[in-house]
Amino acid sequence: MSEHEYTPKSKVGKWFNDRLPLLTLANHLTDYPTPKNLNYWWTFGGILTFCLITQIVTGLVLAMHYIAHADMAFQSVEHIMRDVNYGWLIRYIHANGASMFFLAVYIHIFRSLFYGSYKSPREVIWIIGIIIYLLMMAAAFLGYVLPWGQMSFWGATVITNLFSAIPLVGEGIVTWLWGGYSVDNPTLTRFFTLHYLIPFLILGLVVLHIWALHVPGNNNPIGIDIKKPSKDTVPFHPYIVIKDGFALLMFMIVFAFFVFYTPNILGHADNYIEANPLVTPAHIVPEWYLLPFYAILRSVPDKLLGVIAMLSAILILAALPWLDTSKIRSAVFRPLYKQFYWILVADVLILGYVGAMPAEGLYLLVARIATAYYFLHFLVVLPVLGFKERTTPVPLSITEPILGGSPNLAAVKKKDSFKDQ
Amino acid sequence: MKNFFRISFLIAIFLGFQFNSNAAEKVEYLKTDWSFKGMFGKFDRAALQRGYQVYQEVCSSCHSMKYLSYRNLVEEGGPEFSIEQAKAIAASFEVKDGPNADGEMFMRPGRLSDKFVMPYENEKAAQAANGGAYPPDMTVLVKARGDGVDYIYSLLQGYEDPPAGVTLDDGVYYNKYMYGNKIKMSNQLSDGLIEYSDGTNASVEQMSKDVTTFLMWTAEPHLETRHKMGFKAIIYLIILTVLVYFSMKRIWSRIETKV
């Protein structure tokens, strides 16, 4: 893995490292050559690691006090909020942490889309990322069910019922998922088990995600291949560590604001009403981070096709490295792609908005247009753009941004004086 | 930077949308200034004590408060009754306990460790006594309504005669702030209904405000601690962020690249 052979200085260190090269790994991580021009959109990888660890640690404490039983879950959450020392803090961090996690992951994904980080040779990193994202959605959904409020119960009912759209075996699968004939105690206990399991699967995949990243190294804002280590790179420690740390602290200020001052604004009020199978809430809406997909689901009149559309909307991302035919990675040098990129961002925000609204009238029409455009972007715009677009000249390296086309006089001058020496 | 502005612009449009759509479908709630709002918000101790009195004398005959214990009345950040007062309050209730050595259930006076005594044995009994409508538990009621304290404060004062064309069934009342305007709880508050032990004039407005404040506390008993801790946490984070920022500048200056 490491570019140069590393030998620990101490005898004990060498003895240990020959048997398990942990020190070599640590050395690789600190020396890891990173492009020096990474901007702040690149700090979200570290922020996401922080989010995952926060969720696991707070979740662990919550699990010590939570009771996964249909008759006691709601009450045990109130017990955590009232009687457990700083239980309110732990729970609010966990609940808002889920939203913060998704906020960060969306920025991370859209950063990747802008700078073409999913393209060769980084396809595997990207696909592992999509799997992590899918698991995150599963974990978030399962976790939202655990407080056993009205939105928990009815959200679980709506989402599990999606499986009934599968021909022939659908109904059977739903009964199997529920562990009965409706969402009830068996459903809650298995959801709790899976909610506890998934974060550790994510953790394992994160290790693979980072491992796969360390093979080709980071992409960068100008999207060119760079030599490592070289003038274009800096060692991960201390340069990137301190920069990631700074960005993480800024993120934590926003996080703290939500936790301490508006802890319930991202949740739904109905979830403070205990689950009641006999009373259906007026509007059943998922958490904000799932709304775009909810809008896609509802914009298709047929149930099965709706489910297929929703799943395709996520899975299509896995095919992105092959759908995008452009050889240029960064949108900085792709004037047309840049426009379409921002249209896609707007499209997803619109989908999120209509996902929160009732599926009728103008909202439904907008949802349908936005859904159609979403698929159009990936299936038509991206493949065609790669062939048709006239890209602007790409620099040869980060330190010497000499454009292939019109010469940059200042840079040329500098290069000449360098030759003279 | 350009991208940053574009994103801000998109988010602004998005929020604007949301705000407009909300404004279109909602009624204007009655406004009052809540002492517990804002970064330094604290409960008004006297209002909490009066609010408890309103709950006790008016609401508690139908609405339970099942996640609250009498000991909570003494705790810091709440109404902060003295231990003697809270013990007297608890002792004024009969609590079912047992079984004793003979295997019998028995009644005894309440203690601080007891949960608030419920007005009905169970949900079915509550429904039977209230024309089929279940008076919701009040402990987290404020958080269970989208518009929280403003909604409850307004609702308590929102009873009026139904407009022409609206017919109401027996046991259904008109309230201009209730979702759908039809409510099964009759108007409970009237001026001078109770006599506040601190001598405050018990107007409908005053009682609504006091009891809503009390309900905010029952829903968020650690609100004051949360506000105080949040302020410290954020100040700490800001100072640390500034320090890390200058460290970062210093470290990156070694390679003369802007960060």
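The exercises below, each with a worked solution, concern a predicted model.

**Exercise 1.** Determine how many residues of chain B are in contact with chain A, and which helix of chain B gives the most to that side.

*Solution.* Begin with the count across the two chains, where 32 residues of chain B are in contact with 29 residues of chain A. Next, look for the elements of chain B that each supply at least two residues of this side, and you will find α1 (2–25) and α7 (223–253). The most comes from α7(B), which gives 16 residues to the side of chain B that touches chain A. Finally, sort the residues of this side by class, which yields 21 nonpolar, seven polar and four charged residues.

**Exercise 2.** Locate B:P163 and decide whether B:P163 is buried or exposed.

*Solution.* First, follow chain B to the loop between α5 (148–156) and β3 (173–174), where B:P163 is found. Then count the other C-beta atoms within 10 Å, of which there are 9; because a residue with 12 or fewer is exposed, B:P163 is exposed. As a last step, compare sequence with space: B:P163 and B:Y174 are eleven residues apart in sequence, and 8.8 Å lie between them, C-alpha to C-alpha.

**Exercise 3.** Describe how domain 1 and domain 2 of chain B are placed and in contact.

*Solution.* Start from the domain assignment of chain B, which gives domain 1 as 29–68 + 115–221 and domain 2 as 222–259. The centres of these two domains, taken over C-alpha atoms, are separated by 43 Å. Eight residues of domain 1 are nevertheless in contact with five residues of domain 2, and those on the domain 1 side divide into five nonpolar, one polar and two charged.

Notes
Residues are numbered from 1 along each chain as its sequence is written. Chains are lettered from A and ligands numbered from 1 in the order in which they are written. This is a predicted model: local features need pLDDT of at least 70, side-chain atom pairs count only at pLDDT 80 or more; totals for chains, interfaces and linings use all residues. Two residues are in contact if their C-beta atoms, placed from the backbone, lie within 7 Å. Helices (H or I, at least four residues) and strands (E, at least two) are DSSP runs, numbered from the N terminus. Ala, Val, Leu, Ile, Met, Phe, Trp, Tyr, Cys and Pro count as nonpolar, Asp, Glu, Lys and Arg as charged, and the others, Gly among them, as polar. A residue is buried if 20 or more other C-beta atoms lie within 10 Å of its own, exposed if 12 or fewer, and partly exposed in between; C-beta atoms are placed from the backbone. Domain bounds come from an automatic or database domain assignment.
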